[in-house]
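Biologist: Could you take me through one part of this model up close? I'd like to see how a single spot fits in with what surrounds it.

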Amino acid sequence: FEAEQYPRTSELLGSLGGPAAADVKVRYTLAAALIRQGKISAAETLLEQMQSTPAAAEFLNLLLAEKYLYQGDRKTALSKLSAVTTKNSDALLVHYYAGVLYLRLNRPDEARREFERELLLNPDDTQAKFRLAKLKK
């Protein structure tokens with residue numbers, strides 16, 4: 001599969017930050033959805049496949065925060081989320097997903113900070129721009 005042979009796919013991958021970022025986004029989204037459905041073991045299998053991903057530890061903590069949030073343990077979810085955001089990672093998407101989780105935890109100031117961090121790393125991230133604009137209204 002060559003993305004260049006499929007212009008719309010190439011455009012989509014570019015808007016996601018390139019093929020590597022697109023792969024992370026798809027895997028993270030799928031793992032988060034599995035957690036929300038209570039399919040923890042399936043999500044863990046997917047996490048094992050993400051171990052070679054840049055910032056694997058950060059993504060693991062984000063997904064653990066997602067898991068604890070799903071289970072109703074907001075305190076542990078915040079702890080896992082804090083472990084990610086205090087590192088100030090330079091990996092694409094880490095701050096975006098942290099912002100989304102902060103929104104779900106009803107912490108708009110922290111979410112705003114994370115979306116702004118994401119945009120410093122990836123100024124073309126349209127989803128981070130959209131969420132940040134909604135917060136500023």
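Modeller: Let's start with Glu66, which has a relative accessible area of 2%. The cut-off for buried is under 20%, so Glu66 counts as buried. Keep in mind that this is a predicted model. You'll find Glu66 in helix H4, which covers residues 56-70. So who does Glu66 touch, once we skip its neighbours within four places in sequence? The list is Tyr28, Ala32, Ile35, Arg36, Leu101 and Arg104.

Hold on to Leu101 and Arg104, since they take us to the next helix. Helix H6 runs over residues 94-104, and Leu101 and Arg104 are among the H6 residues that make its contact with H5. Now look at how H5 and H6 sit against each other. Two packed helices are described by the angle between their axes and the distance between the axes. For H5 and H6, the angle is about 155 degrees and the axes are 11 Å apart. Anything over 145 degrees counts as roughly antiparallel, so that is the label H5 and H6 get. Their crossing is left-handed. On the H5 side, the contact is made by Arg74, Leu78, Leu81, Ser82, Val84 and Thr85, while H6 brings Val94, Ala98, Leu101, Tyr102 and Arg104.

Next, zoom in on Thr85, which belongs to helix H5 (residues 74-85). Is Thr85 buried or exposed? Its relative accessibility is 6%, so Thr85 counts as buried. Its side chain also has a partner: a polar contact of 3.4 Å links it to the side chain of Tyr102. Tyr102 turns up again when you list what Thr85 is in contact with, leaving aside neighbours within four places in sequence: Ala98, Tyr102, Arg113, Glu114 and Arg117. Of these, Ala98 and Tyr102 are in the H6 part of the helix contact we just went through.

Finally, zoom out to the whole chain. There are 8 helices and 0 strands, so to speak an α-α-α-α-α-α-α-α pattern as you read along the sequence. The chain has 137 residues, and 42% of them count as buried; Glu66 and Thr85 both carry that label. If you take contacts between residues at least 6 apart in sequence, 52% of them join residues at least 24 apart. As for the outside, the accessible surface comes to about 7,800 Å², and carbon and sulfur atoms account for 52% of that surface.

Terms used
Residues numbered from 1 in each chain as written. Predicted model: local features only at pLDDT ≥ 70, side-chain atom pairs only at ≥ 80, totals over all residues. Heavy atoms only, no water. Helix = DSSP H or I, 4+ residues; strand = E, 2+ residues; numbered from the N terminus. Buried < 20%, exposed > 50% of the residue type's maximum accessible area, 1.4 Å probe, protein only. Polar contact = N/O pair within 3.5 Å; in protein donor to acceptor, adjacent residues only side chain to side chain. Contact = heavy atoms within 4.5 Å. Areas by Shrake-Rupley, 256 points an atom, 1.4 Å probe, with all protein chains shown as cover. Axes fitted to C-alpha atoms, helices over the stretch in contact; angles between N-to-C directions. Parallel < 35°, antiparallel > 145°, perpendicular 65-115°, else oblique. Left-handed = near helix turned anticlockwise from the far one by under 90°.
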